[in-house]
Amino acid sequence: MVRAEGQGLLYLLQHRTLYLNTAAQPTMEAAINTLVTQFKTFAGKDGCSNTLSRDEFQNLLTAQLPNFVKNASDPATVDQLMGSLDENNDGELTFSEFWQLLGKLASTQGGFSQ
Ligand SMILES: [Ca+2]
Ligand SMILES: [Ca+2]
């Protein structure tokens, strides 16, 4: 009896792990994880995954946001966008600085006034 209960508990724990790993994650949480993961992937090309350099920013725009950001491959567009987001003008975008772009794109996409 005790053994059976123990096995049942083990099954539940295994099943729960399986659930956490593979079952549907809430859509918004999954979206946030995707944003963070992609930011780190592109930001990490120069070894510092905390910030996007200008080149990393351009690579991210052209690869991940080509339909939402017009002329994402145009250097002048990238420079202008980078300048508008880089609040402390250090030539690098933190996630917080980059996040402003996502907010604007999401607002535009949703038809929300800004
Ligand atoms: Ca970087
Ligand atoms: Ca900055």
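**Exercise 1. Work out which share of the chain's contacts with a separation of 6 or more comes from residues 24 or more positions apart, and set this beside the overall fold.**

Solution. Residues 24 or more positions apart account for 36% of the contacts with a separation of 6 or more, where two residues are in contact if their C-beta atoms, placed from the backbone, lie within 7 Å. The model is a predicted one, in which local features need pLDDT of at least 70 and side-chain atom pairs count only at pLDDT 80 or more, while totals for chains, interfaces and linings use all residues. Residues are numbered from 1 along each chain as its sequence is written, and chains are lettered from A and ligands numbered from 1 in the order in which they are written.

The next step is to list the elements: the chain has five helices and two strands, and along the sequence they follow the pattern α-α-β-α-α-β-α. Helices (H or I, at least four residues) and strands (E, at least two) are DSSP runs, numbered from the N terminus.

**Exercise 2. Find which residues have the most contacts inside the largest nonpolar core, and which helices supply this core.**

Solution. Begin with burial: buried residues make up 15% of the 114 residues in the chain. A residue is buried if 20 or more other C-beta atoms lie within 10 Å of its own, exposed if 12 or fewer, and partly exposed in between, with C-beta atoms placed from the backbone.

A nonpolar core is a set of buried Ala, Val, Leu, Ile, Met, Phe, Trp, Tyr and Cys residues joined through C-beta atoms within 7 Å. The largest such core has 13 residues, and those with the most contacts inside it are Phe42, Leu52, Phe57, Leu60, Leu61, Leu93 and Phe98. At least two residues of this core come from each of α2 (27-43), α3 (54-64), α4 (75-85) and α5 (95-110). In soluble globular proteins, nonpolar side chains tend to be buried together.

Two details fill in the picture. Phe98, leaving aside its neighbours within four places in sequence, is in contact with Phe39, Leu52, Leu85 and Leu93. In α3, the buried residues are Glu56, Phe57, Gln58, Leu60 and Leu61, and the buried residues of this helix pack against α2, β1 (51-52), α4 and β2.

**Exercise 3. Decide whether Asn71 and Asn89 are exposed or partly exposed, and describe the backbone of each.**

Solution. Asn71 lies in the loop between α3 and α4, and it counts as partly exposed because it has 13 C-beta neighbours inside 10 Å. Asn89 is found in the loop between α4 and β2 (93-94), and it counts as exposed because it has 7 C-beta neighbours inside 10 Å.

For the backbone, Asn71 has a positive phi of about 55° although it is not a glycine, and Asn89, also not a glycine, has a positive phi of about 50°. Most residues other than glycine have a negative phi.

**Exercise 4. Locate Gly91, and state which residues it touches beyond its neighbours in sequence.**

Solution. Gly91 sits in the loop between α4 and β2, where it is exposed, with 12 other C-beta atoms within 10 Å. Once its neighbours within four places in sequence are left aside, Gly91 is in contact with Arg54 and Asp86. Gly91 and Ser53, which are 38 residues apart in sequence, are 6.6 Å apart in space, C-alpha to C-alpha.

**Exercise 5. Describe the span of α5 and what follows it, then relate the C-terminal part to its UniProt annotation.**

Solution. Helix α5 has 16 residues and reaches 22 Å from its first C-alpha to its last, close to the 22 Å expected at 1.5 Å a residue, the expected span being 1.5 Å times one less than the number of residues. Just after α5, Gly111 takes a positive phi of about 75°.

Finally, the annotation "domain: EF-hand", from an unreviewed UniProt entry, covers residues 73-108. Over residues 73-108 the chain is 69% helix and 6% strand, and the end C-alpha atoms are 20 Å apart. UniProt positions are given in the numbering used here, feature names are shortened, and annotations may be inferred rather than shown by experiment.
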